[in-house]
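Reader: Hey, I'm new to this one. Can you walk me through it?

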Amino acid sequence: MTKVLLPNHIVQEIRSYLGNSCGNNEHGGLLLGFRKPSAVQVHLVTFPDQWDRSTPTRFHRSHRGHEDRAIKEWLSSGKTVDWVGEWHSHPFGTSLPSSIDRDSWKRIVSGVARPMVFIIFGRLDMYVGLQTALAGSALRLVVEEKSDSAALYG
């Protein structure tokens, strides 16, 4: 099974963004990182920009700004930093994925044909999931190891 290495500073960056500027709307972005044979390491995230649209129950990520950032990171890294997933918030509830989330994740994975990481930040909790092309729904991952710098989910 694919494991996910999630640095603590990534979680802190997202939580800080959500705490400072989001209000009551959902927000989200890309997860950029490295793919290993049996693991994904999140390295960077994108944040909402002027082309994104959000409401209290939906976040529509425009390809425009996020895709530009992903391509720049891919090229500047010697084509090693890849789009490994997405994150978004649920400002009024738990982090459990909705049917809209799950359907979106299946569509994304069918287009890239690689396992993708999906993170949802709820008011009090965080969901980390892995969607593969073969799985009917995302597998919720749990912390297997934790250090001062990162958590390994599996």
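Author: We'll go through the sheet, then the aromatic rings, then the largest pocket. This is a predicted model, where local features need pLDDT of at least 70, side-chain atom pairs count only at pLDDT 80 or more, and totals for chains, interfaces and linings use all residues. Residues are numbered from 1 along each chain as its sequence is written, and side-chain values use heavy atoms, with hydrogens and water left out.

Reader: Okay, the sheet. In what order do the strands come?

Author: It's an open sheet of nine strands, ordered β9-β8-β7-β6-β2-β3-β1-β11-β10, with mixed pairing. Strands (E, at least two residues) and helices (H or I, at least four) are DSSP runs numbered from the N terminus, and two strands pair if DSSP finds at least two bridges between them.

Reader: Which ones are the edge strands?

Author: β9 (139–140) and β10, each of which pairs on one side only. β10 (residues 143–146) runs antiparallel to β11 (residues 150–153), with three bridges joining them. A hairpin of three residues connects β10 to β11, and E145 sits opposite L152 in β11.

Reader: And β6, what does that pair with?

Author: On β2, the pairing with β6 is antiparallel over six bridges, and G29 stands opposite W87 in β6. With β7, β6 pairs in the parallel sense over five bridges, and there F118 in β7 is the bridge partner of E86. The chain gets from β6 to β7 through α3, a right-handed β-α-β crossover (with the strands pointing away from the viewer, the path from the first strand over the helix to the second runs clockwise).

Reader: How many of the residues of β6 are buried?

Author: Six of its eight, so β6 is largely enclosed by the rest of the structure. Buried means under 20% relative accessible area, exposed over 50%, and partly exposed in between, using a 1.4 Å probe and protein chains only.

Reader: Switching topic: how many aromatic pairs are there?

Author: Six turn up in a search of the whole structure. Rings of Phe, Tyr and Trp (its six-membered ring) pair if their centres lie within 6.5 Å; planes under 30 degrees apart count as stacked, over 60 as edge-to-face, the rest as tilted. One of the pairs is Y17 with F47: the centres are 5.0 Å apart and the planes at 40°, so the pair is tilted. Y17 is in helix α1 (residues 8–21) and F47 in the loop between β3 (39–45) and β4 (53–54), 30 residues apart.

Reader: Is F47 buried or partly exposed?

Author: Partly exposed, because its relative accessibility is 25%. Then there's W87 with F121, whose centres are 6.1 Å apart and whose planes are at 90°, so that pair is edge-to-face. W87 lies in β6 (residues 82–89) and F121 in β7 (residues 116–121), 34 residues apart. Both W87 and F121 are buried, and Y17, F47, W87 and F121 form one aromatic cluster.

Reader: Last thing: what lines the largest pocket?

Author: 26 residues, with F59, R61, E86, S104 and I108 nearest its centre. α3 gives the most, six residues. The lining divides into 10 nonpolar, nine polar and seven charged (nonpolar is Ala, Val, Leu, Ile, Met, Phe, Trp, Tyr, Cys and Pro; charged is Asp, Glu, Lys and Arg; the others, Gly among them, are polar).

Reader: What counts as a pocket here?

Author: On a 1 Å grid over the protein atoms alone, a pocket is an open set of points where a 1.4 Å probe fits, with protein on both sides within 12 Å along at least five of seven lines; lining residues have an atom within 4 Å of a point.
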